[in-house]
Amino acid sequence: GDDPELAYAHLELGKVLVDLDAARAEKHLRSAVELYGRTEQPVGIAASYRVLGDLLRVTGDEAGGSEAYRTGIIAVEPLL
């Protein structure tokens, strides 16, 4: 169904909210990861984790940001 489109919408909304409301942005980015995961779309997962990693680092969660980056890389590693 519409999981990829919904995931994309969450990703884009998360990007918009990064500078306005970090907590809401994080919620939307995690929703995007979950939805992309349901449909096994590793590039979408990686893109979402990259933005989430940036957000977490900016908000002071260096470890969480690094973990998000790593998880995103692992998602696309089989494609390389």
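Isoleucine 74 counts as exposed, because its relative accessibility is 55% and the cut-off for exposed is over 50%. The model is a predicted one. Isoleucine 74 sits in helix H4, which covers residues 62-76. Its C-alpha atom lies 9.8 Å from that of isoleucine 45. Along the chain, 29 residues separate isoleucine 74 and isoleucine 45.

Isoleucine 45 leads to another part of the model. This residue belongs to the H3 side of the contact between H2 and H3. Helix H3 spans residues 42-58. The axes of H2 and H3 come within 9 Å and cross at roughly 160 degrees. H2 is therefore roughly antiparallel to H3, since angles over 145 degrees count that way. The crossing is left-handed. From H2, the contact includes Leu29, Val33 and Tyr36. From H3, Tyr49, Leu52 and Leu56 are among the partners. By class, this contact has 12 nonpolar, 3 polar and 2 charged residues.

Now turn to the other pairing of H2. Helix H1 runs over residues 3-17, and helix H2 over residues 22-38. H1 and H2 pack at about 160 degrees, with axes 8 Å apart. H1 and H2 are therefore roughly antiparallel to each other. Their crossing is left-handed. On the H1 side, the contact residues include Leu6, His10, Leu13 and Leu17. On the H2 side, His28, Ala32 and Leu35 are among them. The contact of H1 with H2 divides into 13 nonpolar, 4 polar and 4 charged residues.

Some H2 residues appear in both contacts. Leu29 and Tyr36 of H2 take part in the contact with H1, and Leu29 and Tyr36 also meet H3.

Terms used. Residues are numbered from 1 along each chain as its sequence is written. This is a predicted model: local features need pLDDT of at least 70, side-chain atom pairs count only at pLDDT 80 or more; totals for chains, interfaces and linings use all residues. Side-chain values use heavy atoms; hydrogens and water are left out. Axes are lines fitted to C-alpha atoms, for helices over the stretch in contact, and angles run from 0 to 180 degrees between N-to-C directions. Helices (H or I, at least four residues) and strands (E, at least two) are DSSP runs, numbered from the N terminus. Angles under 35 degrees count as roughly parallel, over 145 as roughly antiparallel, 65 to 115 as roughly perpendicular and the rest as oblique. A crossing is left-handed if the near helix is turned anticlockwise from the far one by less than a right angle, and right-handed if clockwise. Contact means heavy atoms within 4.5 Å. Ala, Val, Leu, Ile, Met, Phe, Trp, Tyr, Cys and Pro count as nonpolar, Asp, Glu, Lys and Arg as charged, and the others, Gly among them, as polar. Buried means under 20% relative accessible area, exposed over 50%, partly exposed in between (1.4 Å probe, protein chains only).
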